[in-house]
Structures are given as structure tokens and as C-alpha cells.
Amino acid sequence: MGKSRRLPSILLLLLGSAALVAVLFRYGERWLRALLLYLSGAAWARQAVTSVPLAWRVASRFVAGEDIQSAITTARDLNARGMCVAMDYLGESVTNVQDTIDARDEILYLLDCIHDTGVNAYVSIKLSQLGVKIDKALALENVRWLVQHARRYHNEIHIDMEESTLLATTLEIYRALRHEYGFDNVGVVIQSYLYRSEADVQQLVAEGAPVRLVKGAYAEPPEVAYPDKAGTDANFIRLMQRLLGEPARRHGVYLAVATHDEAMIRATITYAQVNHIPADAYEFQMLYGIARALQQQLVDAGYRVRVYVPYGTAWYPYFMRRLAERPANLWFFISNLVRK
Ligand code: FDA
């Protein structure tokens, strides 16, 4: 058996052992999550997992397809069910300048396709796909092209938030686009697991920013992030209230509450009702393939819902983060592999 053929079996063994440990020990889930997030950034693990054809079948539960056409078809279906879309061309942590230019060109073409087909979708991007880990100026230049192109089509670019080490630069680039270049079609993300988010939200409220509020999907040390769900959830509710409150709306903040957590969604709806905030003053966002019934229920109840639709061949780290969020997904993955 060659080395590359052995890798999937080794990884399977590793994941299987990790899952077993997770069951055996009370705190296994947190440990398993940390392991999966570590593997999401490990090149050897990417090679091992993506070489198993079945991995793509499992991953495709969360990814619309490998090309633009699949993403457009998915967007059209979601639009027909009353949902808007945030398109995401998968890719991150790019270390080669030409790859950042290629990603930019793909996203420019994506904007053309959205315009030509008339689907109701804006575009989400990651700065690490556009070169922020190589050179801040390169990333700013790449994203500036995108925001400018989007503006011609009256479309928007929303900048995902990645690891906390990129946070300051991400906000800096967002502010350069918004305030120095004067683009009003660009938005940013806040993660409730970070302690500093409260201060960031205060500033973004004063600036009237379009904000997507999420819990946070990366491995962060306890010095910067709440290590437990309770702390992250309590902060999510605090930040949601700040971003939806009267001062925020007066400054022009538009909030996207991006979560599948029914408790967070209920808290948002209750806060909006008690404070007479109309349902079109904010929107709910969820990831493609997750909580589909809940997405439809919200649409049917009259709420604005946007589904984040990723596509492309670089699906591995995105897929691993989805496994880390819910260990049951890992069982599904392993049981499919074993059944094969
Ligand atoms: P939580 O993890 O508490 O899950 C609540 C419930 O949702 C679970 O009990 C389960 O039923 C369901 N669920 C959650 N994740 C699932 C999964 N993977 N598979 C199946 N069911 C699942 N993060 C980030 O750091 N930067 C970003 O830019 C973004 N962008 C973003 C956009 C959008 C539209 C969404 C919805 C999310 C993000 N995220 C993100 C990811 C976010 O930080 C978070 O990791 C996930 O949304 C999962 O957390 P929940 O809020 O759903 O809560």
C-alpha cells in the first residue's frame, strides 16, 4: 500500500479514536472540536481527506458544488423558496500572489454571473484568500476591485472574519474601503466568542456599519475568547441587542443575525417585538445545508432569511469547521466511510 493510500486510513483511525475518546470522557466534545480545527489547517490532513472520494459526497451536504453554475442553480432554488443568498467562492490562507489574483478574477466573474442571471445574491469574501497573509496592501487592492465592481451592479461585498490574529487588519481594510474610498456596499463580521467584540461593536454602531453577527468558528485561546458556549451565547445576545437597538438603527446599522441556534433566534425576535423593531430592519442568516427546516419556517413567518452558499474545489477547511461545530456530523462522515 503506497504512502498516499495509507494516509486516509491513518486519518480515519485518528478521527475514530478521537471520537471514541470524546464519548469516553465528559469533556471530549471540546477536545474533539480543537482537534478538528487543528486538522482544518493541516496540509497532510487535507491531502488525506480530499483523496477519499466519499469525503466530497459528505462535504457536498454543506457545499453547493465545485463550479459557479452549481452555485447559481442553488441560489435560484433558494430564491424560489423566498430566501436571499450570500455566495462564497471557497479558498483561504493563500500564500501565492498569483493565486490571490485568480481568486479575485473568479469573484469578479461571479459578480457578473449574479448580475446576468438576476439571482438575489451578494458576495462574501475572505481576506486570506485575497492575500492578507502575504501583504495587507495586496489584499486591500484585490478587495477594492471587488467592491468597486459590485457597486456597478448595485451589489455588495461582505468580509468574513477569520482567526483573531487577522481581526485588526480586517477591520482596518473594511474601514479603508468604507471611509477612505467611500464605498457604502461593504460589510463586516463580528464574532461573539471574542472578548473584544463588545468594544468593536460600540465603534461599528457609531459608524453605522452593516454587521453580520456570528458566534465564531476558529480555534482561539482563552485569553481572547470565551472558552464555553454559555459565555459566547450570553455575549451574542448582548451584541445583538446593541446592534439592533435604537442608537444603532439611528446610525444606519443593518444587522444580520447569523446562527442556527434557536435560542439566539428567539431572543432576537423577542427583543425586536418588545422594542417595536420591524422585521425588515434585520435579517437571519444560515449556512447552506444546515437547519433547512428552520430557514423555511422563518421565511414562512415573514422574516428575511439569507443562506450562505459556498462553492469551489477548496472545500476542505470549510468542511472541517462544519464538522467541528457539530460532532454528530463526524459520526455521519465516519459511518459513511465505514459503510463503503
Ligand atoms: P451553535 O454552534 O450553538 O449551534 C446551534 C445549533 O445549530 C446546533 O445545536 C445544531 O443543531 C445546529 N448547527 C450548528 N452548526 C452545525 C453544523 N455545522 N452542522 C449541523 N448543525 C449545526 N464564523 C466566523 O468565525 N466568521 C465568519 O465570517 C462566519 N460567517 C458565517 C456566516 C453565516 C451565514 C453563518 C450562519 C455562520 C458563519 N460563521 C462564521 C460560523 C459561526 O461562527 C458558527 O461557527 C456557526 O454558525 C455555528 O454556530 P451557531 O451559531 O449555529 O450555534
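Ala, Val, Leu, Ile, Met, Phe, Trp, Tyr, Cys and Pro are counted here as nonpolar, Asp, Glu, Lys and Arg as charged, and the others, Gly among them, as polar. With that division in hand, the shell around the ligand in this predicted model can be described as 10 nonpolar, six polar and eight charged residues.

The ligand has 24 residues around it, of which Met-161, Gly-216, Thr-259, His-260 and Glu-325 come nearest. Gly-216 also takes part in a polar contact, since one of its backbone N or O atoms lies 2.7 Å from an oxygen atom of the ligand. Nitrogen atoms of the ligand are engaged as well: one is 3.0 Å from a polar backbone atom of Arg-322, and a polar side-chain atom of Asn-329 lies 2.8 Å from a ligand nitrogen. Taken alone, the ligand would expose 930 Å², and the protein buries 84% of that area.

Turning from single residues to the surrounding architecture, the space that the ligand takes is the largest pocket. Four secondary-structure elements, namely strand S4 (186-191), strand S5 (210-214), strand S7 (282-287) and helix H14 (316-325), each supply at least two residues of the shell, and the largest share, three residues, comes from S7. At the level of domains, the shell draws at least three residues from each of domain 1, which spans 2-59 + 320-339, and domain 2, which spans 68-314.

How values were computed: Residues are numbered from 1 along each chain as its sequence is written. This is a predicted model: local features need pLDDT of at least 70, side-chain atom pairs count only at pLDDT 80 or more; totals for chains, interfaces and linings use all residues. Side-chain values use heavy atoms; hydrogens and water are left out. A residue is near a molecule or strand if one of its heavy atoms lies within 4 Å of it. A polar contact is a pair of N or O atoms within 3.5 Å; within protein, one must be able to donate a hydrogen and the other to accept it, and residues adjacent in sequence count only if both atoms are side-chain atoms. Accessible areas come from the Shrake-Rupley method with a 1.4 Å probe; for residues, only the protein chains shown count as cover. On a 1 Å grid over the protein atoms alone, a cavity is a set of points where a 1.4 Å probe fits but cannot get out, and a pocket is an open set with protein on both sides within 12 Å along at least five of seven lines; lining residues have an atom within 4 Å of a point. A molecule sits in a cavity or pocket if more than half of its atoms lie within 2 Å of its grid points. Domain bounds come from an automatic or database domain assignment.
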